[in-house]
Amino acid sequence: MGDCERNKKRLLELLQAAGTGNAHCADCGAADPDWASYKLGIFICLNCSGIHRNFPDISKVKSVRLDFWDDSIVEFMTHNGNLRVKAKYEARVPAFYYIPQANDCLVLKEQWIRAKYERQEFMADGKTISSPGNREGFLWKRGRDKAQFLRRRFVLLAREGLLKYYTKEEIDQSNARRSYPVWPQSGTKDIFTAIKEIVDWFNALRAARLQYLKVAFPELPESELVPLITRNYLKQGFMEKTGPKQREPFKKRWFALDPQERRLLYYKNPLDAFEQGQVFLGSKEQGYEVYEDLPKGVRGNRWKAGLTIITPERRFIFTCPSEKEQREWLESFRDVLSRPLTPLNLLSKIQGLSYINRA
């Protein structure tokens, strides 16, 4: 067996070796990575390898299956691996920091990768991280009545649990030089700075939110609060709904299913800041059910594929734009209803905390 084939076999064995973490991408967790950074000693997926190519001084990539590997590089990969390298570069990732997953956008992944390897923000001997729950700067905010975006100065105050913003007339122009616009007017460097600024704001809001949750739920450990910092919807899309008597006209609304808080939120428009209403989804044992189709005598407006959610208080009737959407919503509702209730589910229902703004 030639050196090329022998080394490829060694690499494939390394991918499956127990206790190495190599079976999943070192950066986003995607299964079965088939690329590697041979300068860092980690195995990564195709998408993350494309990001690594952007900073060759720090990382150099090869395909595990397609490229040639010499003995010394394979030996380097053997003595490193995902878990060892993560222990070095992720030694102190803050609990609030959002670590991108395989299906997240490239913007989040790129900033996570740059923060780890380029800026080395999470190494044990790295610089001290300032309190992230307080932040000030300029962002572009979408107006309430128009689609126009307006430049506003935002101030995040973690202790007060507030995100304040000021109108153009209230902006202190002396501070403008210390902030970056979200949508820069020119230059690749400005675009990169703006993207980093957005991700930094995102994590600052998560930090403030975590502080609030610790105060609101002092009896719960941090590990149970972290997944609830940001809403990650199981399913989103348009449906039509009728009122509690099922005789009201069906109205088109944007729906979002939050599996953590077990709530179906609905909005008039997808980008609305606040929901028009919500449906709490308990467990089957509590009498919550979901059925395919509409009750007898009820007809939708434009859409015919129906769903009915049964709660102890009332029935909620919806129609979907297609049978495919109907099946996806049905599976998502059944998923949530089959999950056991957590202490936070019960507390949030009692205390009415579902209206807390999320990052």
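**Figure 1. Lys86 and Glu90 shake hands in a salt bridge.** In this predicted model, the side chains of Lys86 and Glu90 come together at 3.2 Å, N to O. Lys86 is partly exposed, with a relative accessible area of 27%, whereas Glu90 is buried at 17%. Which residues share a salt-bridge network with Lys86 and Glu90? Asp27 and Lys116 do: the four are linked in a network of salt bridges. For the wider tally, the structure holds 18 salt bridges. As a general reminder, side chains of opposite charge can pair when their charged atoms come close.

**Figure 2. Glu136 and Arg153 meet across two strands.** Their side chains form a salt bridge of 2.9 Å, N to O. Glu136 lies in strand β4 and Arg153 in strand β5 (residues 149-157), so this pair ties together parts that are 17 residues apart in sequence. The contact also shows up as a polar contact of 2.9 Å between the side chains of Arg153 and Glu136. Buried or exposed: how does Arg153 count? Arg153 counts as buried, at 12% relative accessibility. Its partner Glu136 is partly exposed, with a relative accessible area of 42%.

**Figure 3. Lys235 and Glu328 pair up from distant parts of the chain.** The salt bridge between these two side chains comes in at 2.6 Å, N to O. Lys235 sits in strand β7 and Glu328 in helix α8 (residues 323-338), with their positions 93 residues apart in the chain. Lys235 counts as buried at 10% relative accessibility, while Glu328 counts as partly exposed at 26%.

**Figure 4. Three strands make an open sheet.** Read across, the strand order is β2-β1-β3, and the pairing is antiparallel. Which strands stand at the edges? Those are β2 (42-44) and β3 (61-63): each has a single partner strand, so one side of each is left without a neighbour in the sheet. From one strand to the next, the twist averages 30°. Strand β1 (residues 35-37) and β3 run antiparallel and are joined by three bridges. For a landmark on that pairing, look for Trp35, which stands opposite Ser63 in β3. In general, strands of a sheet pair through backbone hydrogen bonds, either parallel or antiparallel.

**Figure 5. Thr242 is tucked into the loop between β7 and β8.** At 2% relative accessibility, Thr242 counts as buried. What does the side chain of Thr242 reach at 2.7 Å? The backbone oxygen of Glu248. Leaving aside residues up to four places away in sequence, Thr242 touches Arg247, Glu248, Pro249, Phe250, Arg314 and Ile317.

**Figure 6. Gln246 has a positive phi without being a glycine.** The phi value is about 60°. Gln246 lies in the loop between β7 (235-241) and β8 (251-258), which is also where Thr242 of the previous figure has its place. With a relative accessible area of 15%, Gln246 is buried.

**Figure 7. Gln120 also has a positive phi and is not a glycine.** Here phi is near 50°. Where does Gln120 lie? Look in the loop between α5 (106-118) and β4 (135-142). Gln120 is partly exposed, with a relative accessible area of 36%. If you follow the chain on into β4, you get to the strand that holds Glu136 of Figure 2.

**Figure 8. The whole protein, to put the close-ups in place: nine helices and 13 strands.** Of the 359 residues, 44% are buried. How are the contacts spread along the sequence? Among contacts between residues at least 6 apart in sequence, 54% join residues at least 24 apart. The accessible surface comes to about 20,000 Å², and 52% of that area belongs to carbon and sulfur atoms.

Methods. Residues are numbered from 1 along each chain as its sequence is written. This is a predicted model: local features need pLDDT of at least 70, side-chain atom pairs count only at pLDDT 80 or more; totals for chains, interfaces and linings use all residues. Side-chain values use heavy atoms; hydrogens and water are left out. Helices (H or I, at least four residues) and strands (E, at least two) are DSSP runs, numbered from the N terminus. Buried means under 20% relative accessible area, exposed over 50%, partly exposed in between (1.4 Å probe, protein chains only). Contact means heavy atoms within 4.5 Å. Accessible areas come from the Shrake-Rupley method with a 1.4 Å probe; for residues, only the protein chains shown count as cover. A polar contact is a pair of N or O atoms within 3.5 Å; within protein, one must be able to donate a hydrogen and the other to accept it, and residues adjacent in sequence count only if both atoms are side-chain atoms. Two strands pair if DSSP finds at least two bridges between them. Axes are lines fitted to C-alpha atoms, for helices over the stretch in contact, and angles run from 0 to 180 degrees between N-to-C directions.
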